[in-house]
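Welcome! Take a moment to turn the model around and look at it from several sides, then work through the questions below.

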Amino acid sequence: MTITTTTLIICSALLLLSLITPLFSAIRRRPSLYADTEQADVDESSLPKLTIVLTPQGDYRQLDEHLPLFLTQDYAPGYDIIVVSSLGDSGIDDVLKRYRSHANLRTTFIPDTTRYMSQRKLAITLGVKAAETEWIVLCDPSCKPLSQQWLHAIATRCASGCDMVQGYVRYGMEAPSYYHFERFYTTMYLFRESLHGTAYRTNCPLLLFRKSVFMSGQGYQGNLKYTIGEYDFLVNKYAHRGNTNICLSPDSWMEEDVPSEKGWENIHIFYQEIREHLLRSHRHRLLYNLDHTLLHGFLFLVVGALAFGIVTLDHVVIGISIISLALNILLRRRQYKSAFSEYAIPVKPLRGVFYEWSMAWHSMRTRIRYEYADKFDFISHKV
């Protein structure tokens, strides 16, 4: 069998790309849990008193289920919990009455005459204003701490010179495996950006920030009309290079209730609108686009090489195409096996490889749905 120059070029390119493209992955660049050891030597007396702000927005069942886990945190410096709800919400009122014996639980209300702004952003603003501490813990009532050391773990990241701390939130174990994968995959991009540059946004509803920074920057001023993106706008507006920490300790993890299929779809459609109003959006997507261009470029090359080999009856090209694809899958599977084990993600490593391939198509589908959506759905009033 004669091996032509064309065969050598195609086979060499395939083998080289099969080895190189797995290096361009958010999973490979992920922050390691084992490297997050700074909190081990924190002086306990330096930990700040905290205020947890919860905005249930009428969902009293989630508040009733998760509030005890917030109230029983083992945190020596002390903390307050402020629940911000609509005035006259009987479901929320009944829940709060059951826990009124806790001296650190307080309530404030949204004025029922308020219009033309996001109710959740207003609730967060009122909660921050009512807080008597410098550090605010903002999280959704749909999330629950997985440890009584949760508050202590995230507080250890409130270092001097830090204005914001991002935490890790995963979906409940019963969530579809793609939900787990997509949340984790996106979080790894965002955490890396927070560590090595300027934080762009967060997809995890857990955030610590300084009240003084929020108030001096006039809170959500400039984006109050958008009904979504409470955490995204906070991070994007107040993050600067070097002022944001992330907390990776498993004690600091939270678990979020699994959204409905429609709710999960809406999160991604709404993000298409949010990113139009965030700073540094193009720079953020540059690395993601590079990774997926290389990934899909390699896949298209494999398909093209296979087609060429079949048409020309070049068995060497056919064989190397199959070997290159298998090698690429094995390398990526190895990365996912390590990452999923480290972060306790209940997804089979091989599925992670195919989920990564499909992400571009999911994004394309979401973008199409966004283009056909009524843009007034994303704002609180018609302007």
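Q: Leaving aside its neighbours within four places in sequence, which residues is arginine 275 in contact with?
A: Contact means heavy atoms within 4.5 Å. Once neighbours up to four places away in sequence are set aside, the partners of arginine 275 are Tyr200, Ser281, Arg285 and Arg367.

Q: What kind of model are you looking at?
A: Residues are numbered from 1 along each chain as its sequence is written, and side-chain values use heavy atoms, with hydrogens and water left out. Local features need pLDDT of at least 70, side-chain atom pairs count only at pLDDT 80 or more, and totals for chains, interfaces and linings use all residues, the model being a predicted one.

Q: Is arginine 275 buried or exposed?
A: Find arginine 275 in the loop between H9 and H10; helices (H or I, at least four residues) and strands (E, at least two) are DSSP runs, numbered from the N terminus. Buried means under 20% relative accessible area, exposed means over 50%, and partly exposed lies in between, with a 1.4 Å probe and protein chains only. Because its relative accessible area is 18%, arginine 275 counts as buried.

Q: What distance separates the C-alpha atoms of arginine 275 and valine 302?
A: Along the chain, these two residues are 27 residues apart. In space, the separation of their C-alpha atoms is 34 Å.

Q: Which residues does glutamate 273 touch, not counting residues up to four places away in sequence?
A: Glutamate 273 is found in helix H9. Its relative accessible area is 10%, so glutamate 273 is buried. Beyond four places in sequence, glutamate 273 touches Tyr226, Tyr370, Lys375 and Phe378.

Q: In what order do the seven strands of the open sheet lie?
A: Two strands pair if DSSP finds at least two bridges between them. The pairing in this sheet is mixed, and the order is E3-E2-E1-E4-E8-E6-E9. Pairing on one side only marks the edge strands, E3 (105-110) and E9 (244-246). To repeat the order asked for, it is E3-E2-E1-E4-E8-E6-E9.

Q: Which residue is the bridge partner of isoleucine 52 in E4?
A: Strand E1 (residues 50-54) pairs with E4 over four bridges, in the parallel sense. One residue pair shows this link: isoleucine 52 has as its partner in E4 valine 137.

Q: Which residue in E8 is the bridge partner of isoleucine 136?
A: E4 and strand E8 (residues 206-210) run antiparallel and are joined by five bridges. Across this link, the E8 partner of isoleucine 136 is phenylalanine 209.

Q: How many of the five residues of strand E4 are buried?
A: Look at both faces of E4: on one side Trp135, Val137 and Cys139 are buried, and on the other Ile136 and Leu138 are buried too. E4 (residues 135-139) is largely enclosed by the rest of the structure, because its buried residues number five of the five.

Q: Which residue in E2 stands opposite threonine 51?
A: E1 and strand E2 (residues 79-86) run parallel and are joined by five bridges. E2 is largely enclosed by the rest of the structure, because seven of its eight residues are buried. Facing threonine 51 in E2 is aspartate 80.

Q: How many of the nine residues of helix H8 are buried?
A: Tyr231, Phe233 and Leu234 are among the buried residues of H8. The buried residues of this helix pack against H4, E4, strand E6 (164-166), E8, helix H7 (211-216) and helix H9 (261-274). H8 (residues 230-238) is largely enclosed by the rest of the structure, because the buried count is eight of the nine.

Q: How many residues of the nonpolar patch come from helix H12?
A: Phe300, Trp361, Met364, Ile368 and Tyr372 form a nonpolar patch on the surface, with about 660 Å² of accessible area together, areas coming from the Shrake-Rupley method with a 1.4 Å probe and, for residues, only the protein chains shown as cover. Patches are made of residues with over 30% relative accessible area and no salt bridge, joining like charges within 9 Å and nonpolar side chains (Val, Leu, Ile, Met, Phe, Trp, Tyr) within 5 Å; a salt bridge is a side-chain nitrogen of Lys or Arg within 4 Å of a carboxyl oxygen of Asp or Glu. The largest share comes from H12 (residues 349-371), with a count of three.

Q: Is phenylalanine 300 buried or exposed?
A: Phenylalanine 300 has its place in helix H10 (residues 281-312). Because its relative accessibility is 56%, phenylalanine 300 counts as exposed.

Q: What percentage of the 383 residues of the chain count as buried?
A: Step back to the whole chain, with its twelve helices and ten strands. Its C-alpha atoms fill a box of roughly 85 × 50 × 35 Å, taken along the principal axes. Of the 383 residues, the buried share is 53%.
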